[in-house]
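Work through the exercises below with the sequence and the 3D view open. Each task is followed by a solution in steps.

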Amino acid sequence: MKFGVNCTFTDRSTIPPAAYGRAVEERGFDSIFLAEHTHIPVDERSPYPFGDRPASLYHTIDPFVALTAMAGVTHRLLLGTGISLVAQRDPITTAKLIASLDLVSQGRFIFGIGSGWNAEEMANHGGDPVRRGAIATEHILAMKEIWHHEKAEFHGECVDFDPIYSWPKPVQRPHPPVYVGGGEKAFARVVKAGDGWFPNPQSPAGLKPKIERLRELAGREVPVTVLHVGRAEPEIVGGYEEAGAERIVLPLDTEAPDPLADLDKLVALTADVTVTAGREQLRP
């Protein structure tokens, strides 16, 4: 089982992205995933789906800027979005942004995407919130054409462009892995446009049959990373591993008084889990 960290950087974070990324790598985590919101509408009506709404949503730093800062001071840490609101982004400029980040990080980017829960935010970008899932799918497919081909073109319902040149191409070939966030409604998007699945937080027992169904639909071993895992206890981690997940990602708060102390607590916890799991495997 691999362990990652997910967080949000804001203008109120008590540690800068570069220092935090270096600390995460030094402590042995394999990855970090950053959330994205361009803004929160004042007259927002969409319910927040993950419990209490964090104040950090209103102050987020662009995740690609923060990840680029981390790329310059790390060497092994995988750098991901968790998640990027791809339906709100122009696919041509985003394809170049991701290819550039993959280049400067020497092939360490993971593109975690979702269609988003905030309909008003999406509408402010000029898109139809009702169709955000279909828009997200086409945006990913269009970006893959740009990453794959010297002369790229795409003709769909939401994205339409004649042949273009766009460099750089990503270091990872054919492209950085695309992990699709969401529940079972996102399975079709995973199969059609994704490379992996970012399931919503849920129990290992509830996740296992969904992973099996997704892999049956895809006809391949779809990698699964579980975001926002609240507990890293041996039975929880073992359950996710038995369910078929490759990685769990644990949330941390960069606005906390001492983020590094919180990170060290997580290190100790995951170390205990690893040791306990190893002992379980040694039992006759």
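A nonpolar core is a set of buried Ala, Val, Leu, Ile, Met, Phe, Trp, Tyr and Cys residues joined through side-chain atoms within 4.5 Å. Buried means under 20% relative accessible area, exposed means over 50%, and partly exposed lies in between (1.4 Å probe, protein chains only). This is a predicted model, in which local features need pLDDT of at least 70 and side-chain atom pairs count only at pLDDT 80 or more, while totals for chains, interfaces and linings use all residues. Residues are numbered from 1 along each chain as its sequence is written, and side-chain values use heavy atoms, with hydrogens and water left out.

**Exercise 1. Confidence**

Task: find the mean pLDDT of the chain and the stretch where the pLDDT is below 50.

Solution. The term pLDDT is the predictor's confidence in each residue, from 0 to 100. The chain has a mean pLDDT of 94, and 96% of its residues reach 70 or more. Residues 278-284 have a pLDDT below 50, and this stretch makes 0 contacts (heavy atoms within 4.5 Å) beyond near neighbours in sequence. Where pLDDT is low, the predicted coordinates should not be read in detail.

**Exercise 2. The nonpolar cores**

Task: which residues of the largest nonpolar core touch the most other members, and which helix gives the most to this core?

Solution. Start with the largest core, which has 67 residues; Tyr20, Ile32, Phe111 and Trp197 touch the most other members. Next, look at the helices; helices (H or I, at least four residues) and strands (E, at least two) are DSSP runs, numbered from the N terminus. Helix α5 (residues 132-148) gives the most to this core, with 8 residues. Then locate a second, separate core of 6 residues, which includes Phe33, Ile110, Phe198 and Val249. In soluble globular proteins, nonpolar side chains tend to be buried together.

Tyr20 also appears among the buried residues of helix α1 (residues 17-26), together with Pro17, Gly21, Ala23, Val24 and Glu25. Just after α1, Gly28 has a positive phi of about 90°.

**Exercise 3. Strand pairing**

Task: trace how β2 is paired with β3, and how β3 is paired with β5.

Solution. Two strands pair if DSSP finds at least two bridges between them. First, β2 and β3 (residues 78-81) are parallel and share 4 bridges. Leu34 has Thr81 of β3 as its bridge partner. From β2 the chain passes through α2 to β3 in a right-handed β-α-β crossover; right-handed means that, with the strands pointing away from the viewer, the path from the first strand over the helix to the second runs clockwise. Second, β3 pairs with β5 (residues 109-114), again in the parallel sense, over 2 bridges. Here Gly80 is matched with Ile110 of β5.

**Exercise 4. A hairpin**

Task: in strand β6, which side chains are buried and which are not?

Solution. In a regular strand the side chains alternate between the two faces of the sheet. In β6 (residues 152-155), Ala152 and Phe154 point to one face and are buried, whereas Glu153 and His155 point to the other and are not. Now follow the chain onward: a hairpin of 4 residues joins β6 to β7. The two strands run antiparallel and are joined by 3 bridges, with β7 covering residues 160-164. The bridge partner of His155 is Asp160.

**Exercise 5. Salt bridges**

Task: what does the salt bridge between Arg89 and Glu36 tie together?

Solution. A salt bridge is a side-chain nitrogen of Lys or Arg within 4 Å of a carboxyl oxygen of Asp or Glu, and the structure holds 14 of them. Arg89 and Glu36 meet at 2.6 Å, N to O. Arg89 lies in the loop between β4 (84-85) and α3 (91-104) and Glu36 in the loop between β2 (31-34) and α2 (63-71), so the pair ties together parts that are 53 residues apart in sequence. Arg89 is buried at 16% relative accessibility, and Glu36 is buried at 5%.

Arg89 also forms a salt bridge with Asp62, with the closest N and O atoms 3.5 Å apart. This pair links the loop between β2 and α2 to the loop between β4 and α3, 27 residues apart. Asp62 is partly exposed, at 33% relative accessibility.
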